[in-house]
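Here is a briefing on a single protein chain. Look first at its charged side chains, then at the confidence of the model.

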Amino acid sequence: MMRRLSAVAAGLAVLSVASVASAQRAAGSFGDQGQFILSADRLFPLLGYSHASETEPNPPAGASKATDSESYSNLGFFYGSTPAFTDRPTVNGAGAIVPGGIQVTNFYTVPRVGFDYTIIPNLTIGGDLILFFTLGGTTSHEVDNNAGGTQTTTASEPTNLTFGIAPRVGYILHFSELFSLWLRGGLSFYTETWKQSSTVANQAASFSANYDQLALDLEPQLVITPIQHVGFTAALDADIPLTGGHSYTENIGGTSSSVSAASNIFFIGGTVGMLVWF
C-alpha cells in the first residue's frame with residue numbers, strides 16, 4: 001500500500017512540476033507565439049574563412065578568360081571589423097588602366113540588425129538589414145624642399161555605401177529556459193557602391209565601382225538566455241554565393257567608359273551577437 005501511495009505521490013509531483021514548467025514556458029519563454037525578436041547579428045567573427053573571386057572584364061590577348069581570387073582566415077575575440085578585399089587593376093575597352101586598390105567590403109562580416117516574428121510557437125520569419133557607409137574625406141602629400149618651400153598635393157578619399165537585405169525563416173528548438181537552438185536560413189542580397197572624384201591631365205574626373213551579390217545563407221545559432229527577454233547568440237554562418245557581378249565606370253573630361261564582369265564572395269565562420277524579445 002505504501003509503495004502504491006508513494007508511486008501516486010511521485011506521479012502527482014512529476015505532473016505538478018511539468019505543469020509548472022509548462023506554465024513558465026507559456027508565460028513568455030523564448031520562441032513563444034507572437035514574439036517580436038530584435039537582434040544584433042554578427043557583431044564580430046570568432047573564426048572565419050572568406051574567399052572572393054572576380055572575372056576580369058578584358059582578359060589578356062590570347063586568353064579566353066582571366067580570374068582573380070583572394071582568400072583569408074581570421075581569428076578574433078571581442079573585435080568587430082569589416083575586412084575588405086582589394087580589387088585589382090584591369091583594362092577597359094578604350095585601353096585605359098582602371099586603378100587598382102579599391103577596397104571591396106566583405107558583406108558577410110558587417111554587423112547587422114535583425115527583425116523576426118514568431119508566427120506560431122517556435123516558427124519565425126524575418127530577416128537582417130545591413131547598412132555600412134563612409135562619408136569620404138581628403139588625403140594629402142607634403143614635400144619639404146631642401147632649397148626651401150613646401151609642395152602639397154591633396155586628393156579626395158572615396159565614399160563607400162554598402163546595403164544588404166537578408167530575408168529568412170527559422171525554427172527554435174527550446175531545450176530549457178537557458179538554452180535554445182535557433183535554426184535559420186534564407187537568401188541575401190548585397191550591393192556596394194564606391195565613388196571618387198579626381199583630376200586627370202588637368203581634367204575633372206570621376207570614378208565609380210559597383211558590386212552585387214545574391215547568396216544562400218545558413219546560420220544556425222545557439223541562444224543563451226540568462227535572463228528573460230535577453231539573449232546572447234553564437235552562430236555558425238555559411239554564406240554561399242549564387243550569382244554576383246562587379247562594374248567600373250570612369251568619366252574623364254566628359255568622356256565616359258565602363259566595364260563589367262562576374263564576381264562572388266564566400267564566407268563561413270563562427271560569429272556572436274545578442275538579442276531581445278518582446
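Arg-42 is buried, at 3% relative accessibility; buried means under 20% relative accessible area, exposed over 50%, and partly exposed in between (1.4 Å probe, protein chains only). Its partner Glu-219 is buried too, with a relative accessible area of 5%. The two side chains meet in a salt bridge, 3.2 Å from N to O. The model is predicted: local features need pLDDT of at least 70, side-chain atom pairs count only at pLDDT 80 or more, and totals for chains, interfaces and linings use all residues. Residues are numbered from 1 along each chain as its sequence is written, and side-chain values use heavy atoms, with hydrogens and water left out.

**Salt bridges of Glu-219**

- A salt bridge here is a side-chain nitrogen of Lys or Arg within 4 Å of a carboxyl oxygen of Asp or Glu.
- Side chains of opposite charge can pair when their charged atoms come close.
- Glu-219 and Arg-42 pair at 3.2 Å. This bridge links distant parts of the chain: Glu-219 sits in the loop between β13 (203-218) and β14 (221-227), Arg-42 in strand β1 (residues 36-55), 177 residues apart.
- Strands such as these are DSSP runs (E, at least two residues), helices are runs of H or I (at least four), and both are numbered from the N terminus.
- Glu-219 also forms a salt bridge with Arg-168, with the closest N and O atoms 3.3 Å apart. Arg-168 belongs to strand β11 (residues 159-174) and Glu-219 to the β13-β14 loop, so this pair ties together parts 51 residues apart in sequence. Both Glu-219 and Arg-168 are buried.
- Arg-184 meets Glu-219 in a salt bridge at 3.5 Å, N to O. Arg-184 lies in strand β12 (residues 179-200) and Glu-219 in the loop between β13 and β14, so the pair joins parts 35 residues apart in sequence.

**The wider charged network**

- The whole structure holds nine salt bridges.
- Salt bridges link Asp-41, Arg-42, Asp-116, Asp-128, Arg-168, Arg-184, Glu-219, Asp-237 and Asp-239 in a network.
- Arg-184 is buried, at 5% relative accessibility.
- Beyond four places in sequence, Arg-184 has contacts (heavy atoms within 4.5 Å) that include Ser-39, Asp-41, Asp-116, Arg-168, Asp-217 and Gln-221.

**Thr-162 in strand β11**

- Thr-162 lies in strand β11. Is Thr-162 buried or exposed? Thr-162 is buried, with a relative accessible area of 0%.
- Setting aside neighbours within four places in sequence, Thr-162 touches Thr-105, Phe-107, Ile-130, Leu-131, Phe-132, Thr-191 and Glu-192.
- The C-alpha atoms of Thr-162 and Phe-132 are separated by 5.0 Å, although the residues are 30 apart along the chain.
- The side chains of Thr-162 and Asn-160 share a polar contact of 3.2 Å. Such a contact is a pair of N or O atoms within 3.5 Å; within protein, one must be able to donate a hydrogen and the other to accept it, and residues adjacent in sequence count only if both atoms are side-chain atoms.

**Confidence**

- Mean pLDDT (the predictor's confidence in each residue, from 0 to 100) is 81, and 81% of residues reach 70 or more.
- Confidence is highest in strand β7 (residues 112-120), at a mean of 97, and lowest in helix α1 (residues 2-26), at 39.
- Over residues 1-24, pLDDT stays under 50, and the model has one contact beyond four places in sequence for them.
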